[in-house]
Every structure is written in structure tokens, then in C-alpha cells.
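Me: Before I use any labels for this model, I want to see the criterion behind each one. Please set each value against its definition.

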Amino acid sequence: GVVIENNVWIGSNCCIDRGTLSDTIIGASSKLDNLIHIAHNVIIGKGCILAGQVGIAGSTTLEDNVTIAGQVGIVGHLKIGKGSTIGSKSAVFQSLDSGSFVSGLPARPHKNRLRQDIIVNQLPEIINRIRKLEK
């Protein structure tokens with residue numbers, strides 16, 4: 001079945017699949033925006049916030065106070081640690097420790113992702129400098 005605890009908000013066009021081996025659970029005071037898909041046997045802890053177009057595959061557990069930004073996909077059978085944050089348009093392929101802040105595809109620690117983006121943006125300049133040195 002599906003267990004929806006107290007004070008849960010569920011936006012329009014959300015799909016919450018009933019459990020197969022155990023219940024799908026939406027924890028107390030969690031907020032689900034519009035167009036979210038929660039697959040079978042997912043457990044969402046207390047006080048979680050999920051923005052629009054999030055998809056969570058089967059048997060994944062979100063511990064308490066997890067925040068997930070829009071258009072995030074989480075593969076099945078993972079554990080997302082308490083108080084974690086997942087940035088928008090991320091794809092989560094592995095479990096996260098408590099207090100993690102990840103973003104990107106694949107999801108990686110957000111600070112590392114920002115550093116990588118800076119380096120990628122500098123690549124054209126670096127290539128030009130290398131070409132000049134080779135000449």
C-alpha cells in the first residue's frame with residue numbers, strides 16, 4: 001500500500017506507486033510539488049521537500065529533511081542521507097551520506113562540480129596558450 005503521514009502536501013499530477021514487498025511511505029510534513037513520480041517501496045522521511053519533475057526509482061530511501069530541486073532523477077535501491085540537498089537537473093546514481101550537497105549529471109559534490117565547471121570554461125584559453133607554446 002501507500003502510507004501518507006500527517007501534514008503532507010502533494011501537488012497536482014504526482015504519481016505515487018503502491019508498494020509491492022512493503023509499503024511506499026511519505027513521511028510527516030513532507031512537501032511534494034507538481035509532476036513528481038515516487039516508485040514502489042520508496043520511503044520518504046519526515047520534512048522532505050521535492051520540487052517539480054522529480055523521479056525516484058523503486059526501493060530508494062530518503063532520510064529526514066532531504067531537499068531535492070527540480071528535474072532530479074534518482075535510481076533505485078539507494079539511501080539518501082539525512083539533511084542532504086540535491087541540485088536541479090541532477091542524476092543520482094549512488095547513495096549519499098548525511099548532509100551531502102550534490103549536483104550535476106552524474107551527481108557529485110557541489111563544490112567540486114563548481115570547480116570543474118570553471119576549469120571546463122577555461123579550456124579554450126588553455127588550448128590556445130598550449131598552441132602558442134608549441135609554435
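The exchange below takes the labels one at a time.

Reply: This is a predicted model, in which local features need pLDDT of at least 70, side-chain atom pairs count only at pLDDT 80 or more, and totals for chains, interfaces and linings use all residues. Residues are numbered from 1 along each chain as its sequence is written, and side-chain values use heavy atoms, with hydrogens and water left out.

Me: How do you know that the span of helix α1 agrees with its number of residues?
Reply: Helices are DSSP runs of H or I with at least four residues, strands are runs of E with at least two, and both are numbered from the N terminus. The expected span is 1.5 Å times one less than the number of residues. For the 25 residues of α1 (110–134) that gives 36 Å, and the end C-alpha atoms are 35 Å apart, so the two agree.

Me: Where does α1 bend?
Reply: At Leu123, by about 45°, with Pro124 following within four residues. The bend is the angle between axes fitted to the seven residues ending at a residue and the seven starting there.

Me: Why is Cys48 called buried?
Reply: Buried means under 20% relative accessible area, exposed means over 50%, and partly exposed is in between (1.4 Å probe, protein chains only). Cys48 has 0% relative accessibility, so it counts as buried.

Me: What makes Ala51 partly exposed?
Reply: Its relative accessibility is 23%, which is why it gets that label. Ala51 sits in the loop between β8 (49–50) and β9 (55–56).

Me: Why is Cys48 not bonded to Cys14?
Reply: A disulfide is a pair of cysteine sulfur atoms within 2.5 Å. The closest cysteine sulfur to that of Cys48 is in Cys14, 14 Å away, so the distance is too far for a bond. A search of the whole structure finds 0 disulfides. Cys14 is in none either, the nearest cysteine sulfur being that of Cys15 at 7.6 Å.

Me: What makes β4 and β7 a pair?
Reply: Two strands pair if DSSP finds at least two bridges between them. Strands β4 (24–26) and β7 (43–44) have 2 bridges, in the parallel sense; Ile26 has Ile44 of β7 as its bridge partner. Both strands belong to an open sheet of 5 strands, ordered β1-β4-β7-β10-β13 with parallel pairing. β1 (2–4) and β13 (79–80) each have a single partner strand, so they stand at the edges.

Me: What lies over the face of Trp9?
Reply: Lys31, at 4.4 Å from the ring centre. The criterion asks for NZ of Lys or CZ of Arg within 6 Å of the ring centre and within 35 degrees of the ring normal.
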